[in-house]
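User: Hi! I have some questions about this one, so let's put it up on the screen.

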Amino acid sequence: MSPTKPHHQGVWRRAWPRVRHWLYWTHRWLGIGGCLLFVMWFVTGVVMMYVGYPSLTEQERLAGLAPLEFEQAVVAPSAALEALPATARAQPPRRIALEMQQGTPDAGPVWRIVDARGERFAVSARNGQLLGPVDAARAEAIARAFSGQSGAHWAETLERDQWTVPQGLNPLRPLHRIELGDAAGTELYVSSRTGEVVRDTTRSERFWNWLGSVPHWIYFTPIRADPPLWHDVVVWLSAACIVSAVTGIVIGILRVRLRRRFRNGAVTPYTGWMAWHHIAGLIGGFFVLTWIVSGWLSMNPNGWFQRNPVDAAAMARYTGAGAGAGAGAGAGASPVAWPLAVRPVEKDANAPREALLLWFDGQPFWQLRDAQARTRVVDAATGAPAAIGRDDIVRAAARLRPGATVAEATLLTREDFHWYGHHRDRIVPVWRIEFGDAAHSWVYIDPASGQVAGSSNRNTRLNRWLFNAAHSLDFPWLIQYRPAWDIVVWLLSIIGAVASASGVVIGWRRLRRKPKASAVPVAQRALQRS
């Protein structure tokens with residue numbers, strides 16, 4: 001035996017009482033606040049299983065638009081781009097779409113354009129004029145036409161409120177809030193810049209989100225309006241709760257007896273709420289810890305899980321639109337024929353609500369979407385259905401990762417572990433293009449339109465395990481067989497809530513306890529109780 005081993009053992013034996021004191025002290029005082037947060041997160045997490053944060057879905061947006069009247073759209077997309085400020089025309093736009101705007105004096109088909117910087121513009125497709133700011137009266141008329149509710153009325157104009165805090169709405173602000181006056185208490189938000197309806201909420205959504213997403217994500221407007229502040233608040237609160245959970249698990253293991261039990265035959269020395277806290281914490285402690293750690297990781301602390309997305313230059317090479325796309329054609333790209341070679345003749349719900357200009361491998365296409373968000377893609381020159389084959393996609397995809405070879409191209413006909421929809425829609429079938437680069441990049445491409453539908457790399461796939469799988473338990477074999485997923489999440493949430501709620505009661509009693517005079521030092525009494 002090494003002569004130093006007894007010495008080390010002696011040092012540890014002398015240090016252990018102090019280590020144990022700080023272990024208990026840290027868990028006790030962090031746990032008082034941490035358990036309140038845990039209870040809140042478990043309860044609100046269950047609410048979020050059924051009610052998501054308010055948003056205007058694509059189907060809701062398209063259903064509110066009028067059928068496209070192509071005969072009125074005499075201004076070509078290239079001419080619409082020429083109406084934009086010079087800074088917006090410096091690079092190819094991110095998005096060009098034709099839709100109808102109703103309820104205003106300049107009602108009719110409009111080109112909705114998102115430039116390379118993310119700025120939003122609306123250009124009349126009847127006369128090519130850049131449409132100016134939308135005032136309250138026009139926003140009210142747009143909301144009436146969109147919703148079909150004659151009682152819709154303007155409520156206020158605002159930069160942001162509780163339901164419009166996401167940063168993605170910044171290019172559309174200020175927003176007009178319109179109350180529809182219907183039985184559901186629906187409110188629409190209309191952009192004052194472009195006249196687009198960008199969000200809807202109902203009374204029920206607003207109520208349940210105060211019990212769900214808002215507290216769960218710490219999504220209160222004053223904090224969420226400052227993204228760096230919100231990020232730091234969530235990261236540091238989560239970090240403190242991780243320490244509370246780890247110390248609790250260690251104490252729980254130290255105090256449990258499975259073989260040499262306590263005098264009354266119990267595995268815990270505690271009674272009442274302390275016993276509930278001890279046993280529930282032991283059973284659900286691992287889940288509580290993985291849940292809070294995964295939530296912390298979702299904030300991408302220190303930038304550990306950067307996505308490495310496809311950059312704008314690579315996307316331009318892939319689409320083939322080139323630097324000259326702002327004029328309607330790029331370097332080597334085909335010009336965009338206008339009007340459409342073959343105009344759709346469908347009526348009612350089947351009629352196109354939106355025509356979105358797409359580019360693939362130097363060729364322009366139009367994606368037509370109806371009121372149910374069903375899509376079809378046609379060649380811009382002939383109006384014939386688009387025909388994009390595997391070889392076309394693989395050849396173009398090679399431009400997305402210069403210097404990397406396409407290792408494999410797989411057509412996914414159903415969702416898998418990394419490409420799946422839980423609270424969102426996913427395109428299926430989809431091509432998964434795997435690259436042989438250092439990041440092990442994957443790119444997902446829509447076979448119907450050739451558009452990049454998503455991407456991932458080694459870091460994001462690791463985050464898929466560490467966050468989505470650990471936090472939401474969204475394993476395909478579980479979420480595809482609901483209510484199995486609901487039962488598992490409910491059960492684990494109840495166990496975690498019991499462990500946390502009992503900690504809240506214990507903490508509250510400790511805070512209310514009046515200190516007793518004693519000659520024994522506080523630290524010594526804590527050690528004796530431990």
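User: Let's start with a backbone spot. Where does L473 lie?
Analyst: L473 lies in the loop between α12 (458–472) and α13 (476–479). Helices here are DSSP runs of H or I with at least four residues, strands are runs of E with at least two, and both are numbered from the N terminus. Before we go on, note that this is a predicted model: local features need pLDDT of at least 70, side-chain atom pairs count only at pLDDT 80 or more, and totals for chains, interfaces and linings use all residues. Residues are numbered from 1 along each chain as its sequence is written, and side-chain values use heavy atoms, with hydrogens and water left out.

User: Thanks! What is the phi of L473?
Analyst: Phi is near 55°, a positive value in a residue other than glycine. For background, most residues other than glycine have a negative phi, and most peptide bonds are trans.

User: Is L473 buried or exposed?
Analyst: L473 is buried, with a relative accessible area of 13%. Buried means under 20% relative accessible area, exposed means over 50%, and partly exposed is in between, using a 1.4 Å probe and protein chains only.

User: And what about I218, which has a positive phi although it is not a glycine? Where does I218 lie?
Analyst: I218 lies in the loop between α6 (213–216) and α7, and its phi is about 50°. I218 counts as buried because its relative accessibility is 9%.

User: OK, cis peptides next. Which residues does a cis peptide bond join?
Analyst: One such bond joins R173 and P174, with omega about -5°. P174 sits in the loop between β4 and β5. Going from W338 to P339, the peptide bond is also cis, with omega near 5°. P339 is in the loop between α10 (312–319) and β8 (354–360).

User: You mentioned β4 and β5. What order do the strands have in that open sheet of four?
Analyst: The order is β4-β5-β6-β7, with antiparallel pairing. The edges are β4 (153–158) and β7 (197–201), each of which pairs on one side only. Two strands pair if DSSP finds at least two bridges between them. β4 and strand β5 (residues 175–179) are joined by five bridges, with W154 standing opposite I178 in β5.

User: Now R224. Which residues does R224 touch?
Analyst: Not counting residues up to four places away in sequence, R224 touches V165, Q167, Y219 and W230, where contact means heavy atoms within 4.5 Å. R224 belongs to helix α7 (residues 221–224). The side chains of R224 and Y219 share a polar contact of 3.3 Å. A polar contact is a pair of N or O atoms within 3.5 Å; within protein, one must be able to donate a hydrogen and the other to accept it, and residues adjacent in sequence count only if both atoms are side-chain atoms.

User: What is the nearest side chain of opposite charge to R224?
Analyst: It is D226, 8.2 Å away, and R224 is buried yet has no salt bridge. Lys and Arg count as positive and Asp and Glu as negative; His and the chain ends are not counted. A salt bridge is a side-chain nitrogen of Lys or Arg within 4 Å of a carboxyl oxygen of Asp or Glu.

User: How many salt bridges does the structure hold?
Analyst: The structure holds 25 salt bridges. One of them pairs R193 with E119, with the closest N and O atoms 3.4 Å apart. That pair links distant parts of the chain, 74 residues apart: R193 is in the loop between β6 and β7, and E119 is in the loop between β2 (108–114) and β3.

User: And what does E354 form a salt bridge with?
Analyst: R369, with the closest N and O atoms 3.0 Å apart. E354 lies in strand β8 and R369 in strand β9 (residues 363–369), so the pair ties together parts that are 15 residues apart in sequence. Both E354 and R369 are buried. Salt bridges that share partners join these two with E58, R61, R95, E99 and R112 into one network.

User: Last one: which residues on the faces of strand β13 are buried?
Analyst: W442 and Y444 on one side and V443 and I445 on the other are all buried, and both faces of β13 (residues 442–445) are covered. In a regular strand the side chains alternate between the two faces of the sheet. Strand β12 (residues 430–435) runs antiparallel to β13 and is joined to it by four bridges.
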